[in-house]
Amino acid sequence: MQEFLELLGNVVPSLLQGTVVTLQLAAVSLALGVAIGLPAGLGRVYGPRWLQRVIGVYITVFQGTPLLIQLFMVYYGLPDVGITFSRFAAAYLTLGLNSGAYQAEYLRGALQSVGEGQMTAARAIGMSKGQAIRSIILPQALRLVLPTWSNEAIAMLKYTAVVFLIAVPDLMGQAKIMAAKYFAPIAIYMIVAVFYLVLVGIAYLILRQVERRAQIPGLTGEVE
Amino acid sequence: MDILQNLLTTLEFIIQGLWITVWVTVVALVVGLVFGVLTALMRVYGNRFWRQVATVYSVVIRAVPVVVIIFILFFVIAEYVNLSPFLAGSLALGFASGAYQSEIFRGALQAVPAGQMTAARAIGMSKVQAIWSIVLPQALRLALPAWGNEATLVLKDSTLVFVVGVPEILRRTQQVSARTNEPFIAFGAAMLLYLGLTLLTTQFLGWVERRYRLQM
């Protein structure tokens, strides 16, 4: 026990540093994912045929291949053709593009579950298609997509754990360094598991509050 | 043409890792299926103690990144038994997948109407008999779409056993890229291979789903 407490004292400061990096990665990647997923989801539903197809390919590629290979492609593969990123930039970009593909699909589902009559009605009172999407369809779709989106946010916290493989010093990266330094891999990875557990737990509680706030009152199922 | 030639040679080398990827996925899915179904049964039909054990397993494992679980189990397993990285990695991945599958099967078990159990008991079946021959066969079929989704996730997560040194697609790719010094082609080939693999898996699972769908 004494030994464990000593180890804990030694590793916690580094792990906390790693936690900050993990949170930063998750936050930036999610924001990037929204910035990509929102227009991609809209384009997939309302864009011209060719744009729908391009976005479809983007989604298939990023959902059909493992995140880790995408990460290695961006960090090791792209410099080969002259596009070089720093570790952090590669991590943000890969996680953001990956999340964007999933978020686009979730948004598409939400957009399509807003009843078609809404669009017809908006057009009938003289709105343009763009106006109708912006002020009628999208506000409802965003509230519908929130529960799925908050699952994605929690998943993102966990997905960030692979970036230590390109030597980003996130929680898992620090754990690996500590495990080698103190020769106690099992104890240290267990401590790290508890860190993730707490992070995910807190994120879950916060997002549930947000969801409750943004819920469309009395709504279950399709928006007519 | 040079690039195409390169791509083909690269693919040829990486494909030797394909079978390992497939086997890791299959072993992990089967291990996960056993853990998932057992813990789902514990959560739906178990007494308070077993219900809590199964719930803690599912909630805790799902809150921790798969790669962390693989590391922990890999070192724990290495401490006690001498397993190959392949087996240790697949078991760890399966243990993690079991937590997600537990949720899937719990949902499916609860979706089988309660009247089925009552009717089975009424004609004299024991609770275990009723679960085994009435509820479970239906639940497994109800779980198929979600389970298929999990199967493709495990296929993609199987790259994570790369961290414990299993020579699957990703490790092979890294070896090629180190040897040829052409990482773009190497990882490009790996992406194509995975894309084919996931598309094939989705097609196959779609077929299985249509074949075994329940009309309820």
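These are my notes on a predicted model with chains A and B.

**Entry 1. Confidence**

I began with the scores for the whole model, which are ipTM 0.90 and pTM 0.91. I then looked up chain B, where the average pLDDT is 93. In chain B, 99% of the residues score at least 70. I also checked the elements of chain B one by one. Helix 7 of chain B, residues 169–180, has the lowest mean pLDDT among them, at 90. Helix 2 of chain B, residues 48–63, has the highest, at 96.

**Entry 2. Layout of chain B**

I looked up the secondary structure next. Chain B has 8 helices and 0 strands. Along the sequence I read the pattern as α-α-α-α-α-α-α-α. For the extent of the chain I took the C-alpha atoms, which fill a box of roughly 70 × 45 × 25 Å along the principal axes. Chain B holds 216 residues, and buried residues make up 45% of them. I also noted how far apart in sequence the contacts reach. Of the contacts in chain B with a separation of 6 or more, 76% are between residues 24 or more positions apart.

**Entry 3. Helix 1 and helix 4 of chain B**

I looked at helix 1 (residues 2–45) and helix 4 (residues 85–111) of chain B as a pair. Their axes come within 5 Å and cross at roughly 40 degrees. Angles under 35 degrees would count as roughly parallel, so I entered helix 1 and helix 4 of chain B as oblique to each other. Helix 1 of chain B passes helix 4 of chain B in a right-handed crossing. I sorted the residues of this contact by type and got 18 nonpolar, 11 polar and 2 charged.

**Entry 4. Helix 1 and helix 6 of chain B**

I kept helix 1 of chain B and turned to helix 6 of chain B, residues 127–157. The axes of helix 1 and helix 6 of chain B come within 11 Å and cross at roughly 135 degrees. Angles over 145 degrees would count as roughly antiparallel, so helix 1 of chain B is oblique to helix 6 of chain B. The crossing of helix 1 and helix 6 of chain B is right-handed. From helix 1 of chain B, I listed T25(B), A28(B), L29(B), G32(B), L41(B) and Y45(B) in the contact. From helix 6 of chain B, I listed I131(B), A151(B), V154(B) and L155(B). By type, the residues of the contact between helix 1 and helix 6 of chain B are 8 nonpolar, 2 polar and no charged.

**Entry 5. Where chain A meets chain B**

I then looked at the contact between the chains. I found 27 residues of chain A in contact with 26 residues of chain B. On the side of chain A that touches chain B, the elements giving two or more residues are helix 2 (49–64), helix 3 (67–77) and helix 8 (185–214) of chain A. Helix 8 of chain A gives the most to that side, with 10 residues. The residues on this side of chain A divide into 21 nonpolar, 4 polar and 2 charged.

**Entry 6. Positive phi in two loops**

I looked up F183(A), which has a positive phi of about 50 degrees although it is not a glycine. F183(A) sits in the loop between helix 7 (171–182) and helix 8 of chain A. F183(A) counts as exposed because it has 8 C-beta neighbours inside 10 Å.

In chain B, I looked up N181(B), which is not a glycine either and has a positive phi of about 60 degrees. N181(B) lies in the loop between helix 7 and helix 8 (183–212) of chain B. I entered N181(B) as exposed because it has 10 C-beta neighbours inside 10 Å.

**Entry 7. Two residues of helix 1 of chain A**

I checked Q17(A), which lies in helix 1 of chain A, residues 2–46. Q17(A) has 15 other C-beta atoms within 10 Å, so I entered Q17(A) as partly exposed. Q17(A) and F85(A) are 68 residues apart along the chain, and their C-alpha atoms are separated by 23 Å.

S29(A) lies in helix 1 of chain A too. Is S29(A) buried or exposed? I found 26 C-beta neighbours inside 10 Å, so S29(A) counts as buried. Leaving out residues up to four places away in sequence, S29(A) touches Y92(A), L95(A), G96(A), S99(A) and M156(A). For one of these, Y92(A), I looked up the spacing. S29(A) and Y92(A) are 63 residues apart along the chain, while their C-alpha atoms are separated by 5.3 Å.

Notes
Residues are numbered from 1 along each chain as its sequence is written. Chains are lettered from A and ligands numbered from 1 in the order in which they are written. This is a predicted model: local features need pLDDT of at least 70, side-chain atom pairs count only at pLDDT 80 or more; totals for chains, interfaces and linings use all residues. pLDDT is the predictor's confidence in each residue, from 0 to 100. Helices (H or I, at least four residues) and strands (E, at least two) are DSSP runs, numbered from the N terminus. Axes are lines fitted to C-alpha atoms, for helices over the stretch in contact, and angles run from 0 to 180 degrees between N-to-C directions. Angles under 35 degrees count as roughly parallel, over 145 as roughly antiparallel, 65 to 115 as roughly perpendicular and the rest as oblique. A crossing is left-handed if the near helix is turned anticlockwise from the far one by less than a right angle, and right-handed if clockwise. Ala, Val, Leu, Ile, Met, Phe, Trp, Tyr, Cys and Pro count as nonpolar, Asp, Glu, Lys and Arg as charged, and the others, Gly among them, as polar. Two residues are in contact if their C-beta atoms, placed from the backbone, lie within 7 Å. A residue is buried if 20 or more other C-beta atoms lie within 10 Å of its own, exposed if 12 or fewer, and partly exposed in between; C-beta atoms are placed from the backbone.
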